[in-house]
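Q: I would like to learn how to read a structure feature by feature. Where should I begin?

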Amino acid sequence: MLGTQTDITSQRELEMQASADRARLALIARHVPGVLYQFMQSADGRQGWFSYVSERCEAVFGVAPGELTADASALLRRVHPEWRERLRSSLAVSAVHSAQWRLEFPIRRRDGVDRWLLGAASPQRDSEGRTAWFGYIADVTDLRELEATSRDKAAAEAASRAKTEFLSRMSHELRTPLNAVLGFSQLLELSQTPPLADAHRRPVQLIRQAGDHLLTMIGDLLDLTRIEAGQLPLQIDAVALAPLVEECVALMQAQAASAQVRLVGAPCVGLVVQADRTRLKQVLLNLLSNAVKYNRRGGAVTLNARSDGAEVVIEVSDTGIGIAEDHLARVFEPFQRGAHGQSSIEGTGIGLAVCKSLIELMAGTVGVQSAAGKGSLFTVRLAMA
Ligand code: ADP
């Protein structure tokens, strides 16, 4: 027996290396989210075929890789009819100019789901005049939806900013003439030379009261717009509740008496909270005013406070008409007046929205419990100082 022996170690090593590289590429192609492919076009541009397409095409296009390599038009048939020509011509332009191909186009997958794809590829001309594109096609539907949502959000924010600016300017402008009305009606009331005729005293008083009411509402509106625009500076300090509660109850006593509602403030001795005193007073007056307003003759309103761990809970409870269940979840939203939208009880539906925002600016929370016909309990939680 005669023979030869050749050392093929390096050849075997090369083969093993090549097969490891192929396996790695196949693994990458299987795991990237989009489809990797090589698309060929004949020199005359009449024929096109996929010489390679990665496995992911099944998930992305709903077409099996074998089907695509056998017939490239299987993908074109999935493309939205209005986009087929655009896809063809964009490839033609890319081939003629040897320019990068990039196109976003809609398809309908075989399962009937509509998706948007983004394709990008670089063309290369070979010695026979054929063009080969090496590229990637990804599903960008979610990304487009995200972009659309953020565009919508930006538009809504711009509209909201414009509204805030308008409201803020308008409430500011309204205050100037209103202050003149209030000032002159006060002057008339106080005038001694000549003194106001008895017949005019009541109408002038009504003008001033209505003006005061309007001024409060405009103030609330201005606060709301300032809070929304993040332009309401607060001064947070340690605030003793006992004197504040006493002050608020004293200020509300007249309104409670004229509504025939009994108003009681608890002593709250030793309770100190982290808050802006002026704004907390505004909140408490608002809650007390509501508790009196939405009450009934002979009803009661109580202002109480207690400590709860590291917090202080301030409670305004009333035995009034209560809040219907379907309105309860929205009482802190601006302009939500529930059944009182058309009632004779005056209001704008801004007060509670302002209260909530103010308390949240003080790092606190507000809450409400209510039973229609029985009464309501509004709670304000603030950090103990
Ligand atoms: P306004 O009193 O100007 O309408 P608010 O924002 O203060 O606005 O209150 C919003 C709505 O919540 C009121 O219109 C009323 O329907 C309801 N509400 C608030 N406080 C009470 C309460 N203590 N008892 C019953 N309903 C209340």
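A: Begin with what surrounds the ligand. This is a predicted model, and helix 9 gives the largest share of the shell around the ligand, 3 residues.

Q: Which elements give two or more residues to that shell around the ligand, and which pocket does the ligand take?

A: The ligand takes the space of the largest pocket. Two or more residues of the shell come from each of helix 9 (277-293), helix 11 (351-361) and strand 12 (375-383).

Q: How many residues are around the ligand, and which come nearest?

A: There are 20 residues around the ligand, and Asn290, Tyr294, Arg337, Thr348 and Leu352 come nearest. By type, the shell divides into 7 nonpolar, 10 polar and 3 charged residues.

Q: What should I look for in polar contacts with the ligand?

A: Look for pairs of N or O atoms within 3.5 Å. In arginine 337, an N or O atom of the side chain is 2.4 Å from an oxygen atom of the ligand. Lysine 293 has a polar side-chain atom 3.0 Å from a ligand oxygen atom. For aspartate 318, a polar side-chain atom lies 3.0 Å from a nitrogen atom of the ligand.

Q: How much of the ligand does the protein bury?

A: The ligand exposes 530 Å² when taken alone, and the protein buries 98% of that.

Q: How do I read pairs of aromatic rings?

A: Check the distance between ring centres, then the angle between planes; planes under 30 degrees apart count as stacked, over 60 as edge-to-face and the rest as tilted. The count here is 5 aromatic pairs. In one of them, phenylalanine 39 and tryptophan 133 have ring centres 6.0 Å apart and planes at 35 degrees, so this pair is tilted. Phenylalanine 39 is in strand 1 (residues 35-41) and tryptophan 133 in strand 5 (residues 131-139), so the pair ties together parts that are 94 residues apart in sequence.

Q: What can the backbone angles show?

A: Omega describes the peptide bond, and phi is another backbone angle. The bond joining threonine 193 and proline 194 is cis, with omega about -10 degrees. Proline 194 is placed in the loop between helix 6 (141-190) and helix 7 (198-228). Serine 98, a residue other than glycine, has a positive phi, near 50 degrees. Serine 98 is in the loop between helix 5 (81-97) and strand 3 (101-108).

Methods:
Residues numbered from 1 in each chain as written. Predicted model: local features only at pLDDT ≥ 70, side-chain atom pairs only at ≥ 80, totals over all residues. Heavy atoms only, no water. Near = heavy atom within 4 Å. Polar contact = N/O pair within 3.5 Å; in protein donor to acceptor, adjacent residues only side chain to side chain. Areas by Shrake-Rupley, 256 points an atom, 1.4 Å probe, with all protein chains shown as cover. 1 Å grid on protein atoms, 1.4 Å probe; cavity = no way out; pocket = protein on both sides within 12 Å on 5 of 7 lines; lining within 4 Å. Sits in = over half its atoms within 2 Å of the grid points. Helix = DSSP H or I, 4+ residues; strand = E, 2+ residues; numbered from the N terminus. Nonpolar A, V, L, I, M, F, W, Y, C, P; charged D, E, K, R; others polar. Phe/Tyr/Trp six-rings, centres within 6.5 Å; stacked < 30°, edge-to-face > 60°.
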